[in-house]
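The following paragraphs walk through side-chain contacts in a predicted model. Please keep the sequence and the coordinates in view while reading.

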Amino acid sequence: MRIIISIALEKELPDFIKLDYPHLWSRIQHLQSGHSIDLDTVPFFIVVTGVGQKSKHAIEWICRHLVPDEIINIGTAGGI
């Protein structure tokens, strides 16, 4: 199953994920610039999408290019 977890800001990403599992996350800009991932080889993938319209456009891009089975949004930065 191809699962994307979206978060708005990198500071919402736990440090242990950044340090111990760098292959499980990326900023949307990195993906859009051509970085490839194989969602079939990881249990999930975390994408830092940004806030507001940036996030909306990021999710649209993810749907078109990564074609996930599920998207779990755990960080919308709604309080900013």
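A search of the whole structure finds four salt bridges, and in this predicted model they can be followed by beginning near the start of the numbering. Arg 2 pairs with Asp 40, their closest N and O atoms being 3.3 Å apart. This contact links distant parts of the chain, since Arg 2 belongs to the segment before strand 1 (3–7) while Asp 40 sits in the loop between helix 2 (28–32) and strand 3 (45–48), 38 residues apart. With a relative accessible area of 22%, Arg 2 is partly exposed, whereas Asp 40, at 57%, counts as exposed.

A further group centres on Glu 10, Lys 18 and Arg 27, which are linked in a network of salt bridges. Glu 10 meets Lys 18 at 3.5 Å, N to O, and forms a salt bridge with Arg 27 in which the closest N and O atoms are 2.8 Å apart. Because Glu 10 lies in the loop between strand 1 and helix 1 (15–20) and Arg 27 in strand 2 (residues 25–27), the latter pair ties together parts that are 17 residues apart in sequence. Each member of the network is partly exposed: Glu 10 at 24% relative accessibility, Lys 18 at 25% and Arg 27 at 39%.

Turning to the rings, the count comes to one aromatic pair. Phe 16 and Tyr 21 form this pair, with 6.5 Å from centre to centre and 90° between the planes, an edge-to-face arrangement. Phe 16 is partly exposed at 48% relative accessibility, and Tyr 21 is likewise partly exposed, at 37%.

Conventions:
Residues are numbered from 1 along each chain as its sequence is written. This is a predicted model: local features need pLDDT of at least 70, side-chain atom pairs count only at pLDDT 80 or more; totals for chains, interfaces and linings use all residues. Side-chain values use heavy atoms; hydrogens and water are left out. Rings of Phe, Tyr and Trp (its six-membered ring) pair if their centres lie within 6.5 Å; planes under 30 degrees apart count as stacked, over 60 as edge-to-face and the rest as tilted. Buried means under 20% relative accessible area, exposed over 50%, partly exposed in between (1.4 Å probe, protein chains only). A salt bridge is a side-chain nitrogen of Lys or Arg within 4 Å of a carboxyl oxygen of Asp or Glu. Helices (H or I, at least four residues) and strands (E, at least two) are DSSP runs, numbered from the N terminus.
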